[in-house]
Amino acid sequence: SNAVAGESALDRMACGLGGKLVLPMIKEHIMQMLQNPDWKYRHAGLMALSAIGEGCHQQMEGILNEIVNFVLLFLQDPHPRVRYAACNAVGQMATDFAPGFQKKFHEKASRALLQTMEDQGSQRVQAHAAAALINFTEDCPKSLLIPYLDNLVKHLHSIMVIKLQELIQKGTKLVLEQVVTSIASVADTVEEKFVPYYDLFMPSLKHIVENAVQKELRLLRGKTIECISLIGLAVGKEKFMQDASDVMQLLLKTQTDFSDLEDDDPQISYMISAWARMCKILGKEFQQYLPVVMGPLMKTASIKPEVALLDTQDMENMSDDDGWEFVNIGDQQSFGIKTAGLEEKATACQMLVCYAKELKEGFVEYTEQVVKLMVPLLKFYFHDDILLTNSTGKSMPLLLECARVRGPEYLTQMWHFMCDALIKAIGTEPESDVLSEIMHSFAKCIEVMGDGCLNNEHFEELGGILKEKLEEHFKNQELRQVKRQDEDYDEQVEESLQDEDDSDVYILTKVSDILHSIFSSYKEKVLPWFERLLPLIVNLICPHRPWPDRQWGLCIFDDVVEHCSPASFKYAEYFLRPMLESVCDSSPEVRQAAAYGVGVMAQFGGDSYRPVCPEALPLLVRVIQSPDAKAKENVNATENCISAIGKIMKFKPDCINVEEVLPHWLSWLPLHEDKEEAVHTFNYLCDLLESNNPIVLGPNNSNLPRILGIIADGEIHEAIKHEDPCTKRLANVVRQVQTSGGLWTECISQLNADQQAAIQELLNSA
């Protein structure tokens, strides 16, 4: 229709020209239209407002309060089409401006939408208000929704009961479909807080699935299946188990009738997703259902799209068919693909990833057929969902983990089938979002397979590709600098250049991931291969480079030191000076990478790195003692500096005056943001306590209350996982103090209530 074409054009104009230009021109017209007595103008004005939100995001954000207050008034408009358009605008803004919209307008928006859902004058308005509520709750922080939860749930329940009666009496289902999805969305957001309302909804939802068997109720039934599985996931296994058996039987019955379902039956995709959620809820107990669910799932995941090679004339004749996407391949020819069914294919691939992840070795029977399905998808260029959901990439390391149970020979065969395709995809994939996932997946696969998984040809090809990626990174940066000198350069161009830069940096992080997995698997054996990339990595850490380049360049050298020492020292001339100079860099990310590097030099570097320790110490202390060291943006860098000093004292104690440094180091504990470094510092603290270090204990054990405070604060901040061996060591330290009667009483009396509870929690867990 003209209206839809107009909305699409406005959306494209706003995105293309930007809000700076578009909003002032459109705003005046919209305001006039909203005050027009003719409902058609008010409707059009609200729909236009919905269309420009994405493109005018920045400019609208400043006046969002005014816009929202104005739009909410139209939920009371006398004409139902205007109320519908107001629901549309609220739902669209809830998506475009999330989560800021929810934080600012949670009370107003949720109340207004619930009132509109009770608008008995129009089913369409009710349904659209429910759809807007879904948009609102999907992106609403859990903490904001909880205060309204009781009221929200009771409204949804009363509307569901009324609409269920209407379905039985009149056959109307539009509003019920949306209400069921609203309930699912609320449960998904508030998670375990939905437990008290579980029994209110589950009987009715099960009733719908059992009885809504007519063809016209397929969508309602599918959405209800989705709702049940999302509620189950939200409330957890313990609460859901009372209904799990019934729900599984209902799903199995539908699955058994699957062969009778038409290919376009909406229940299929809902079923596939519901099975995956049931797998997450039931864990290993789900394995028994695999023979039933895998057939239809593999069938959907194996959908082969219809393709065609067309000249321009043929393409024009087909352009009315929305089911086709085209890519121009030159010479007035286009390659077309029919996208119908591809979304279902993407969902099915995601579910296969879920089964592999949740069931691990329990999925081994299916790994071979899934690998044969997934690997060719690395060359699938068309449908964004298939690769942007990243199912293919994510599946590879998970499938290797599943296959491990069959022994090394089977595992190696599977890896050989994947490896060449993954490397080729890294070299040829044009979409950076997809490329980054494939690179991450490849790195994870190397970590699973370990030393020996790449042959000389692989190394040769991979080295060439990584070199190309790094050269492209530098070239793109130069091109962006040229664009910044252009006469058309403005704020909007800068925004677009910044997006490109973020995308390039993300690929750089994945280059770092791949190198990390290779260094950690192959150790110093891989250094001759690495030398072809060395000049490019050295270029990353030059002082004039942007901070992300320096951060990731230092991270790569950190890996060289950590995994390839003492042989790493032959490259020290390239990175040692920049690393020490970067400890006090203005960028916290660079400081963190440099401080971590100093720590691994002390821990793994060997004797060649000894002179680094006394030189680095005052630099690390300067960072720790700076006034804003614990500010949110600085805390990770600061904690890496504290950890690095701990590593110097532990692994190179004769390089510094430990007795002088130790009291300062204790005063900086505990670490709680960087969990990995927290484990290092607590382990070193345990070493000192177990050896009765007099500086740590203090005269007459006077430091013990402070030590217990450090341990308690670490527990409060969940600095160490309970399954970590360090937890047991800390608990043993506490138990030792417990045996000393009066000293224990004195220590505990100096802790606050939260700290005392944390100590008890630690003792209970270990």
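# Notebook: cavities, pocket, core and salt bridges

I began with the second largest cavity, which has a volume of about 70 Å³. The model I am reading is a predicted one. I listed the residues that line this cavity: F682, I711, G714, E715, A719, I720, T727, L730 and L762. The elements that give two or more residues to the lining are α36 (704–716) and α37 (725–738). The largest share, three residues, comes from α36. I sorted the lining by class and noted six nonpolar, two polar and one charged residues.

**Entry: the largest cavity**

I then looked up how many cavities of 30 Å³ or more there are, and the count is three. The largest cavity holds about 90 Å³ of space. Its lining consists of L23, K27, I30, M31, L34, L49, I52, I63, I67, F70 and V71. I traced these to their elements: α2 (19–34), α3 (39–52) and α5 each give two or more residues. Helix α2 supplies the largest share, with five residues. By class I have ten nonpolar residues, no polar ones and one charged.

**Entry: F74**

Where does F74 sit? I found F74 in the loop between α5 (64–73) and α6 (80–96). Is F74 buried or exposed? I noted a relative accessible area of 8%, so F74 counts as buried, the limit being under 20%. Leaving out residues up to four places away in sequence, I listed what F74 touches: L34, R42, L46, V82, R83 and A86. One of these, L34, is also in the lining of the largest cavity. I checked F74 against A86 as well: they are twelve residues apart along the chain, and their C-alpha atoms are separated by 5.8 Å.

**Entry: the largest pocket**

I turned next to the largest pocket, in which about 580 Å³ of space lies. Its lining has 21 residues, and those nearest the centre are H516, C555, D559, Y596 and E676. The elements giving two or more residues to this lining are α23 (432–449), α25 (491–522), α28 (547–564), α30 (588–604) and α34 (675–690). I looked up which of them gives the most, and it is α28, with six residues. By class, I recorded ten charged, six polar and five nonpolar residues in the lining.

**Entry: the nonpolar core**

I looked up the largest nonpolar core and found 256 residues in it. The residues with the most contacts inside this core are F286, Y355 and F363. I followed Y355 further, setting aside its neighbours within four places in sequence. Y355 is in contact with I272, W275, A276, C279, F286, L290, V293, M294, L297, K360 and F363. Both F286 and F363 are on that list.

**Entry: salt bridges**

Side chains of opposite charge can pair when their charged atoms come close. I looked up the count of salt bridges in this model, and it comes to 35. I went through some of them.

E191 and K142 meet through their side chains in a salt bridge, with N to O at 3.1 Å. E191 lies in the loop between α11 (174–190) and α12 (198–211) and K142 lies in helix α9 (residues 142–145), so the pair ties together parts that are 49 residues apart in sequence. I checked exposure for each partner: E191 is partly exposed at 37% relative accessible area, and K142 is partly exposed at 25%.

D150 forms a salt bridge with K154, and the closest N and O atoms are 2.7 Å apart. How far apart are D150 and K154 in helix α10 (residues 149–170)? I found them four residues apart, which means a separation of about one helical turn. D150 counts as partly exposed, at 35% relative accessibility.

E500 pairs with R480, the closest N and O atoms being 4.0 Å apart. Since E500 is in helix α25 and R480 in helix α24 (residues 456–484), the pair ties together parts that are 20 residues apart in sequence. I noted E500 as partly exposed, with a relative accessible area of 32%, whereas R480 is buried at 3%. I then looked for further partners and found R480, E500, D501 and D504 linked in a network of salt bridges.

Technical notes
Residues are numbered from 1 along each chain as its sequence is written. This is a predicted model: local features need pLDDT of at least 70, side-chain atom pairs count only at pLDDT 80 or more; totals for chains, interfaces and linings use all residues. Side-chain values use heavy atoms; hydrogens and water are left out. A nonpolar core is a set of buried Ala, Val, Leu, Ile, Met, Phe, Trp, Tyr and Cys residues joined through side-chain atoms within 4.5 Å. Buried means under 20% relative accessible area, exposed over 50%, partly exposed in between (1.4 Å probe, protein chains only). Contact means heavy atoms within 4.5 Å. On a 1 Å grid over the protein atoms alone, a cavity is a set of points where a 1.4 Å probe fits but cannot get out, and a pocket is an open set with protein on both sides within 12 Å along at least five of seven lines; lining residues have an atom within 4 Å of a point. Grid points are joined across faces, edges and corners, and a volume is the space filled by probe spheres set on the points. Ala, Val, Leu, Ile, Met, Phe, Trp, Tyr, Cys and Pro count as nonpolar, Asp, Glu, Lys and Arg as charged, and the others, Gly among them, as polar.
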